[in-house]
Amino acid sequence: MSDIDVLKPDTVTKPKTQQPKLYKVILLNDDFTPREFVVHVLKAVFRTTEDQAYRIMMTAHQKGVCVVATYTRDVAESKAKEATDMGHSNGFPLAFSTEPEE
Ligand code: TYC
């Protein structure tokens, strides 16, 4: 028996389930929402730590946008809506969008 035969698996099983397509939730910068409020929303809706929320907020603040996290489509869309609604309920133009991952 050659080395190659020893290393080769007898059967190759194909996964039966497909990986669901993932969607990014994107935080958009604006000039009005207070920084602390953005951090509060990120912690509440996306369950980030204070430190992660601060970094995400500062990236959006400096670059215009920041990917918050990726989820299945339904979860991404409902979290983006919940977070956007939280801003609007408090009189801020805070906005989150979603887009499919490559
Ligand atoms: N740019 C806002 C300010 O200076 C803070 C902010 C950061 C708002 C990130 C939205 O996605 C955002 N108060």
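**Exercise 1. Find which helices and strands supply at least two residues each of the shell around the ligand.**

Solution. Start with the elements: helices (H or I, at least four residues) and strands (E, at least two) are DSSP runs, numbered from the N terminus. Three of them each give at least two shell residues: strand 1 (22-28), helix 2 (35-46) and helix 3 (50-63). Next, look at the shares: helix 3 has the largest one, with three residues.

A quick word on what you're looking at: this is a predicted model, where local features need pLDDT of at least 70, side-chain atom pairs count only at pLDDT 80 or more, and totals for chains, interfaces and linings use all residues. Residues are numbered from 1 along each chain as its sequence is written, and side-chain values use heavy atoms, with hydrogens and water left out.

**Exercise 2. List the residues around the ligand and sort them by class.**

Solution. A residue is near the ligand if one of its heavy atoms lies within 4 Å of it. That gives Leu27, Leu28, Asn29, Asp30, Thr33, Arg35, Val38, Met57, Ala60 and His61. Now sort them: five are nonpolar, three polar and two charged. Here Ala, Val, Leu, Ile, Met, Phe, Trp, Tyr, Cys and Pro count as nonpolar, Asp, Glu, Lys and Arg as charged, and the others, Gly among them, as polar.

**Exercise 3. Track down polar contacts of the ligand with Leu28, Asp30 and His61.**

Solution. You want pairs of N or O atoms within 3.5 Å. Go through them one at a time:

- A polar backbone atom of Leu28 is 2.8 Å from an oxygen atom of the ligand.
- At Asp30, a polar backbone atom is 2.7 Å from a ligand nitrogen atom.
- His61 uses its side chain: an N or O atom there is 2.9 Å from a nitrogen atom of the ligand.

Last step, the cover: alone, the ligand exposes 350 Å², and the protein buries 88% of that (Shrake-Rupley method, 1.4 Å probe).

**Exercise 4. Work out where Val65 sits and whether it's buried or exposed.**

Solution. Val65 belongs to strand 2. Its relative accessibility is 43%, so it counts as partly exposed (buried means under 20%, exposed over 50%, partly exposed in between, with a 1.4 Å probe and protein chains only). Then check a partner: the C-alpha atoms of Val65 and Leu28 are 4.6 Å apart, though 37 residues separate them along the chain.

**Exercise 5. Say what stands out about phi of Arg47.**

Solution. Most residues other than glycine have a negative phi. Arg47 has phi near 55°, a positive value. Place Arg47 next: the loop between helix 2 and helix 3. With 70% relative accessibility, Arg47 counts as exposed.

Terms used
A polar contact is a pair of N or O atoms within 3.5 Å; within protein, one must be able to donate a hydrogen and the other to accept it, and residues adjacent in sequence count only if both atoms are side-chain atoms.
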